[in-house]
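Visitor: I would like to go through the helix packing in this model. Could you show it to me?

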Amino acid sequence: MYTVKGKADKNSLLTEHMPLVKRLAHQMKAKLPPSVEVDDLIQAGMMGLLDAINRYEENHGAQFETYAVLRIRGAMLDELRSSDWMPRSTRANMRKVEQAMASLQQQLGRPPSESEVAKSLKLSLADYQDLLGDSGGHQLVYYEDFHDEDGNDSFLDRYAVDDDDPLKSLLDTDFRQTVIDAIDALPPREKMLMGLYYEEELNLKEIGAVMGVSESRVSQLHTQAVARLRTYLRERSWT
């Protein structure tokens with residue numbers, strides 16, 4: 001492990017801890033949208049491992065693996081942040097939409113209409129629809145959803161399982177059924193849109209032709225549907 005000069009054999013450390021990088025990558029992947037490639041996480045994690053090897057000293061005060069885990073996870077999070085193109089202001093706007101939906105759902109006992117959400121946000125219907133259009137690409141799950149602002153476990157941590165195959169374990173939990181239930185609870189038009197998009201794999205233009213609306217309108221409705229699904233998942237995790 002060490003050379004005659006007392007320095008760590010970097011190649012040995014790298015080889016020994018490659019399985020750790022892969023394990024951490026799969027654990028993180030299980031908590032992320034399908035668009036995130038596990039190979040990208042592994043590549044970032046390997047860079048974090050190399051950084052840990054270069055920085056670590058025997059008198060660092062911590063076991064190497066403990067230190068390496070921090071550097072590997074940090075590199076993976078940096079990769080996720082750099083690939084997340086949605087501006088923070090847009091994400092903040094969608095959180096407000098989700099909060100309004102949750103409040104109205106409790107008050108009305110049903111999914112609120114666009115007009116009701118717009119009114120709750122003190123926006124005109126046109127401005128609310130513009131906000132939805134500007135937020136195209138809003139995702140069902142973000143890595144930030146697994147920890148709140150104080151670093152505590154949050155609304156999707158209950159579905160995450162850390163073992164040798166966390167992705168399979170996630171699919172084996174009630175998370176998949178909860179998503180199915182959330183889609184079933186959507187208003188009819190949005191439920192149809194989600195079916196056309198995810199099951200029939202039509203693009204937005206094709207969906208617009210089926211539904212008799214513009215492509216931009218489909219994008220608005222898709223963003224709104226995703227916000228409803230996220231609201232549903234939050235409510236179910238709190239009960």
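Guide: The turns below concern two helix pairs and one residue. Please note that this is a predicted model.

Visitor: At what angle do the axes of H1 and H2 cross?

Guide: The crossing angle is roughly 140 degrees, and the axes of H1 (residues 10–29) and H2 (residues 38–55) come within 8 Å. Oblique covers angles from 115 to 145 degrees, and H1 and H2 are therefore oblique to each other.

Visitor: And is that crossing left-handed or right-handed?

Guide: The crossing of H1 with H2 is right-handed.

Visitor: Which residues meet there?

Guide: On the H1 side they include Leu13, Leu14, His17, Met18 and Val21, and on the H2 side Leu41, Ile42, Gly45, Met46 and Leu49 are among them. By class, this contact has 13 nonpolar, four polar and three charged residues.

Visitor: Changing topic, where is Asp78 found?

Guide: Asp78 is found in helix H3, which spans residues 64–83. Its relative accessible area is 47%, so Asp78 is partly exposed.

Visitor: How far apart are the C-alpha atoms of Asp78 and Gly48?

Guide: They are separated by 10.0 Å, while the two residues are 30 residues apart along the chain.

Visitor: What about H9 and H10: at what angle do they pack?

Guide: H9 (residues 188–199) and H10 (residues 204–211) pack at about 135 degrees, with their axes 10 Å apart. That angle makes H9 oblique to H10. Their crossing is right-handed.

Visitor: Which residues form that contact?

Guide: Arg189, Met192, Leu193, Leu196 and Tyr197 of H9 meet Leu204, Ile207, Val210 and Met211 of H10. The contact has eight nonpolar residues, no polar residues and one charged residue.

Technical notes. Residues are numbered from 1 along each chain as its sequence is written. This is a predicted model: local features need pLDDT of at least 70, side-chain atom pairs count only at pLDDT 80 or more; totals for chains, interfaces and linings use all residues. Side-chain values use heavy atoms; hydrogens and water are left out. Axes are lines fitted to C-alpha atoms, for helices over the stretch in contact, and angles run from 0 to 180 degrees between N-to-C directions. Helices (H or I, at least four residues) and strands (E, at least two) are DSSP runs, numbered from the N terminus. Angles under 35 degrees count as roughly parallel, over 145 as roughly antiparallel, 65 to 115 as roughly perpendicular and the rest as oblique. A crossing is left-handed if the near helix is turned anticlockwise from the far one by less than a right angle, and right-handed if clockwise. Contact means heavy atoms within 4.5 Å. Ala, Val, Leu, Ile, Met, Phe, Trp, Tyr, Cys and Pro count as nonpolar, Asp, Glu, Lys and Arg as charged, and the others, Gly among them, as polar. Buried means under 20% relative accessible area, exposed over 50%, partly exposed in between (1.4 Å probe, protein chains only).
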